[in-house]
Amino acid sequence: MSAFLPLATVALLFIPLAWWMLRSFPGRERSVLMRILLVGLIVRMGLSFLFSIYVDPMSWDKDAASYIRHGKILAEHLHSGRRVPEGPKRLVRATHPGYFYYCAGLYFLFGPQDYVPGFFNVLLGMLSIVILLLLIRPLLAWRVIRNSALLITFFPSIINYHVFPLKDTLVFFLVISTLYLYIRFLRQRSLISILFAAIPLFFLFFIRFYLVMVIGIVFLLMLVFATREMSFKSIIRTMAGALVTTVLLFSLGLGDQLIERWNKQATVKHMDRMREGL
């Protein structure tokens, strides 16, 4: 399969999504931002394609390269109907199988070319920029927003994170998405808003589960301080919401998984390994 299909898919997804997400901007400002974003998209797609040809995947990130390699193996075996080898099975049972499924799904749909996950990382990275612009819009003047869009879109290290198939791009997209949706919930206070905010957290649980705990605590604090007054009633209401969420997690079986994974990873040995990696 050629590069045209994933390339066209990314373009057809990004352009209408970005245009719709930027609908709160006036027409002229919206058009300026779209031109900046489209140039950034083209630059990233070209670099991602070139890097997939000339750069060794192991130089990107060893963990991500492992997920990509095994995801490709699984996709190939699913296409051919052969038995899945032990390597991908072991990753499925790992503590962070989400990125493995992500890469395997992309390879299954678009073929086992190295550039496929990089292309969709570009899509997620560019959508993250759009969400950042939506977050800063109420705070900054138009000229600052435009300059921020130029800086974020063409800053070299940000481009680097987007063009390589790194797990961090997907994680950041999920985090910034749930933050934006949760802020909308604090403004609207509707059930559908909090459900939308929980969707990215669900996927984030299978990629960086400990971030879900941190974000959950931050969200509870935001809910308390977003009230007009620090009353006893508001605090009790927040605690009740946290209790209901905890009961719901355990009733779905996610709470037990969370504790199991915490016990596996929150050890001195694992922390030392993480510290050495940093």
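Which helix is the place of I145? Let's start there, in this predicted model, and then visit a few more close-ups.

**Figure 1. I145 sits in helix α7 (residues 142–154).** With a relative accessibility of 2%, I145 counts as buried. Leave aside its neighbours within four places in sequence, and I145 is in contact with F25, L133, I136, R137 and L140. Another residue to look for in this view is L134: its C-alpha atom is 9.5 Å from that of I145, and the two are 11 residues apart in sequence.

**Figure 2. The whole chain, for orientation, is built from 14 helices and has zero strands.** Following the sequence gives the pattern α-α-α-α-α-α-α-α-α-α-α-α-α-α. The chain has 278 residues, and 42% of them count as buried. If you take the contacts between residues at least 6 apart in sequence, 71% join residues at least 24 apart. About 15,800 Å² of the chain is exposed, with 69% of that supplied by carbon and sulfur atoms.

**Figure 3. The largest nonpolar core brings together 63 residues.** Good places to begin are F14, L22, Y102 and F120, which touch the most other members of the core. Helix α6 (residues 115–136) gives the most to this core, contributing 16 residues. As background, nonpolar side chains in soluble globular proteins tend to be buried together. Zooming in on L22, and setting aside neighbours within four places in sequence, you will find contacts with R30, L33, M34, L37, V130 and L134.

**Figure 4. H162 is found in helix α8 (residues 156–163).** Is H162 buried or exposed? Its relative accessibility is 8%, so H162 counts as buried. Not counting residues up to four places away in sequence, H162 touches R44, G118, N121, V122, G125, M126, I129 and T169.

**Figure 5. F51 and F164 form a stacked aromatic pair, one of 10 aromatic pairs in the structure.** Why is the pair described as stacked? The ring centres are 5.0 Å apart and the planes meet at 20 degrees, so the pair is stacked. F51 belongs to helix α2 (residues 27–54) and F164 to the loop between α8 and α9 (167–188), so this pair ties together parts that are 113 residues apart in sequence. The two partners also have their own exposure values: F51 is partly exposed, with a relative accessible area of 26%, whereas F164 counts as buried at 11% relative accessibility.

**Figure 6. F202 and F203 make an edge-to-face aromatic pair.** Here the rings are 5.6 Å centre to centre, with 80 degrees between the planes. F202 is partly exposed, with a relative accessible area of 42%, and F203 counts as partly exposed at 45% relative accessibility. Ring pairs link F202 and F203 with F205 and F206 into a cluster.

**Figure 7. A nonpolar patch on the surface is formed by L191, I192, L195, F196, I199, F202 and F203.** Together these residues have about 710 Å² of accessible area. One of them, I199, lies in helix α10 (residues 191–205). I199 has a relative accessible area of 42% and is partly exposed.

**Figure 8. K72 and D114 form a salt bridge.** As background, side chains of opposite charge can pair when their charged atoms come close. How far apart are the closest N and O atoms of K72 and D114? They are 2.4 Å apart. The pair links distant parts of the chain, with K72 in helix α3 (residues 62–80) and D114 in the loop between α5 (98–110) and α6, 42 residues apart. D114 counts as partly exposed, at 29% relative accessibility. The count for the structure comes to one salt bridge.

**Figure 9. P165 is in the loop between α8 and α9.** P165 is buried, with a relative accessible area of 2%. To see what lies across from it in sequence, find C103: the two residues are 62 apart along the chain, and their C-alpha atoms are separated by 9.0 Å.

Terms used
Residues numbered from 1 in each chain as written. Predicted model: local features only at pLDDT ≥ 70, side-chain atom pairs only at ≥ 80, totals over all residues. Heavy atoms only, no water. Helix = DSSP H or I, 4+ residues; strand = E, 2+ residues; numbered from the N terminus. Buried < 20%, exposed > 50% of the residue type's maximum accessible area, 1.4 Å probe, protein only. Contact = heavy atoms within 4.5 Å. Areas by Shrake-Rupley, 256 points an atom, 1.4 Å probe, with all protein chains shown as cover. Patch = residues over 30% accessible without salt bridge, like charges linked within 9 Å, V, L, I, M, F, W, Y side chains within 5 Å. Salt bridge = Lys/Arg side-chain N within 4 Å of Asp/Glu carboxyl O. Core = buried A, V, L, I, M, F, W, Y, C linked by side-chain atoms within 4.5 Å. Phe/Tyr/Trp six-rings, centres within 6.5 Å; stacked < 30°, edge-to-face > 60°.
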